[in-house]
Amino acid sequence: MKLYCLSGHPTLPCNVLKFKSTTIMLDCGLDTTSVLNFLPLPLVHSPRLSKLPGWNSKDGTLNLEKELKECAGRVFVDSQPEFCLPERELLDLSTVDVILISNYHCMMALPYITEHTGFTGTVYATEPTLQIGRLLMEELVNFMERVPKAQSATCWKNKEIQRMLPGSLKDAVDVWTWKRCYSMQEVNSALSRVQLVGYSQKVELFGAVQVSPLSSGYSLGSSNWIIQSHHEKVSYVSGSSLLTTHPQPMDQSSLKNSDVLILTGLTQMPTANPDGMLGEFCSNLAMTIRAGGNVLVPCYSSGVIYDLLECLYQFIESASLGTTPFYFISPVANSSLEFSQIFAEWLCNNKQSKVYLPEPPFPHAELIQTNKLKHYPSIHGDFSSEFRQPCVVFTGHPSLRFGDVVHFMELWGKSSLNTIIFTEPDFSYLDALAPYQPLAMKCVYCPIDTRLNFHQVSKLLKEVQPLHVVCPEQYTQPPLTQSHRSDLMLELQPPPMPYRRCSVLNLPFRRRYERVYIMPELANSLVPSEVKPSVAIATVSAILHSKDNKHTLQSVPKPPPVPPTKKRKRLMDEPPVVPAPKRLLSGVVPLEAFLTTLQKHGITEVKVEETADGHILHLQAEDTLIQLEEDGTHIVCDNEPLRTTLRDLVVRFLQKL
């Protein structure tokens, strides 16, 4: 069993598991942190961005003024943002049989895999994962396509040139493999391969293994996966949460008895308490509004925003913010808010029960009805005429490189009354803000990450007790900035097996057993013999038939009759002689009883020597050795009549089958 690791990002994994003749891809996360190296894409012309100076090397040998721009001491690529894809050279991705998706954030690279590698298999995901994943992809495509860049920067990717670039551009990994965003046609084609599954539904793959999704408690429809054969079990844990938020709670018990547990997607903010961050979010928002400023919340169009709106719903009245408008701007804002209300069976029990009252499970429905929350596809159209300040705006993209958020950064960035509150943990807020410096608006960092922290995952692993744990190498050492914090890493016995991008791991367990079925007529012909109380065995001669990873024992067919000829007629009249099967022996020769039997047959000079496997009997007068072992008896003797006698004495103590 092998694991190929195609992504170096611990919360945006992409791994391939080879298990019993099947090749299974576990997630295909898209590393979007690469976009932080690019300039923002403004929706309207930005004089500030257009006037940024081009970058030249200090010695004048490199002139990349058209491709690279300088801003506040940092250098950015002036081109359409590009993404770091999962590794595609480590193995032939056309051999992948299935792709298992754990949540909608971990499927964003799907069109690159299904449309450009020769992939012909099936993708399995839950319905909310598919539908919300589609919205996130649609939003991403929309953000990119509505602000096309005329030029494409490629010279800076040259290895020799990249080595001489400053800062993060110099350290960027595999820049030649970075790709622009896919098209909507590729998205639709990729998602047409998705087959929907429900929690605990068992899907058989080629008769070799069964896969089954379990609730992971992180987001709507998010899953952990069990991959098992009759005798082996692999658990894939990705993006799980034990906190009581809107999704169904995590199914922990089904992870027990795993031979291997592959662990990814732990919290990116192990020291930040989500409840504390929500409180900080609300208090900073209220302070800014009361001071007459605007609040900008860069966020994804699904996920944490549901919890933020629910928290604000309870907070608005007590903080006297009832008249403050809240705007949610995204090409998919309407669909996202509606989808969250209709996936009732994927919600926690508390929210499920509201559906039958009937009440909307999320309070943002009431915020919309009372006009406190308004949603728009973009800043153009209705929004521009209905826009009132001071206000709170939720919009994307959290990287601040594309989407409507770029416009608000340009609009509000010059005033210290305004505040930007970061709630998504995927991007460094300092890197996100870099191309907008110098910036007057206040910045508050309240990352809300409900995924498992190291304390929770250690407790979980003690309960489910897998034989082996595999995880990203980042989890086996403390963070670089907090090297003294040994509590921010996994300490397990045996130690976890770490992986990094482009690793190939041989997983440490071998297949020991295989299930074989026996045909009824063959079973009927067997004659079991009892070897000890309640244990009977029988010998069998059969043909082993294997197809689609199912193994069956069938009766040996009788040879077809040969048509008689004159020469063969006499031979055919006589039935063929079938040699009787050799009888098998079972049992153990008891030492004391055997010595007594030898004495009765006149063999008295016996020297007994104990060994690791049994005993050696030296018959001194006869110059003979007898080795008595648990699974066999050896007689070393030159005297043939004596050897035959000894053999018969040994056989007396054994059972014949």
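In this predicted model, the lining of the largest cavity takes at least three residues from each of domain 1 (2-265 + 452-506) and domain 2 (274-445). The lining of the second largest cavity likewise draws at least three residues from each of domain 1 and domain 2, and the lining of the largest pocket also takes at least three residues from each of these two domains. The points below take up the enclosed spaces, then the open pocket, and after that the strands, the annotated span and the backbone.

**Cavities**

- The structure holds four cavities of 30 Å³ or more, and the largest cavity contains about 240 Å³ of space.
- The largest cavity is lined by 21 residues, of which His-105, Tyr-218, Val-304, Glu-424 and Ile-448 are the closest to its centre.
- By class, the lining of the largest cavity is made up of seven nonpolar, nine polar and five charged residues.
- The second largest cavity encloses about 170 Å³ of space, and its lining consists of Leu-12, Leu-30, Thr-32, His-105, Met-108, Leu-136, Glu-139, Leu-140, Tyr-300, His-397 and Asp-426.
- Six nonpolar, three polar and two charged residues make up the lining of the second largest cavity.
- His-105 appears in both linings, being among the residues closest to the centre of the largest cavity and also one of those that line the second largest cavity.

**The largest pocket**

- About 1,600 Å³ of space lies in the largest pocket, and 44 residues line this pocket, with Gly-8, His-9, Pro-10, Gln-268 and Gln-474 nearest its centre.
- The lining of the largest pocket comprises 19 nonpolar, 17 polar and eight charged residues.

**The seven-stranded sheet**

- Seven strands form an open sheet with mixed pairing, in the order E9-E10-E11-E12-E13-E20-E21.
- Strand E9 (203-205) and strand E21 (497-499) are the edge strands, and each has a single partner strand, so one side of each is left without a neighbour in the sheet.
- From one strand to the next, the twist averages 20°.
- At the E9 edge, E9 and strand E10 (residues 209-215) run antiparallel and are joined by three bridges, with Glu-204 standing opposite Gln-210 in E10.

**Strands E29, E30 and E31**

- Strand E29 (residues 606-610) and strand E30 (residues 614-619) run antiparallel and are joined by five bridges, and Val-606 has Leu-619 in E30 as its bridge partner.
- The connection from E29 to E30 is a hairpin through three residues.
- Strand E30 also pairs with strand E31 (residues 624-629), in the antiparallel sense and over six bridges, and in this pairing Gly-614 stands opposite Glu-629 in E31.
- The hairpin of E30 and E31 has four residues between the strands, and Asp-623 in this hairpin takes a positive phi near 55°.

**The annotated span**

- In an unreviewed entry, UniProt lists residues 305-433 under "domain: Beta-Casp".
- In the model, residues 305-433 are 43% helix and 12% strand, and the end C-alpha atoms of this span lie 21 Å apart.

**Backbone features in loops**

- Most residues other than glycine have a negative phi, and most peptide bonds are trans, which is the background for the following points.
- The peptide bond that joins Gln-389 and Pro-390 is cis, with omega about -5°, and Pro-390 is placed in the loop between helix H12 (382-386) and strand E17 (392-395).
- A cis peptide bond also runs from Gln-493 to Pro-494, with omega near -5°, and Pro-494 has its place in the loop between strand E20 (468-472) and E21.
- The strands E20 and E21 on either side of that loop are also neighbours in the order of the seven-stranded sheet.
- Lys-20, a residue other than glycine, has a positive phi near 50°, and its place is in the loop between strand E2 (15-19) and strand E3 (22-26).

Technical notes
Residues numbered from 1 in each chain as written. Predicted model: local features only at pLDDT ≥ 70, side-chain atom pairs only at ≥ 80, totals over all residues. Heavy atoms only, no water. 1 Å grid on protein atoms, 1.4 Å probe; cavity = no way out; pocket = protein on both sides within 12 Å on 5 of 7 lines; lining within 4 Å. Points joined across faces, edges and corners; volume = space filled by probe spheres on them. Nonpolar A, V, L, I, M, F, W, Y, C, P; charged D, E, K, R; others polar. Domains from an automatic or database assignment. Pairing = 2+ DSSP bridges. Helix = DSSP H or I, 4+ residues; strand = E, 2+ residues; numbered from the N terminus. Axes fitted to C-alpha atoms, helices over the stretch in contact; angles between N-to-C directions. UniProt positions renumbered as here; feature names shortened; annotations may be inferred.
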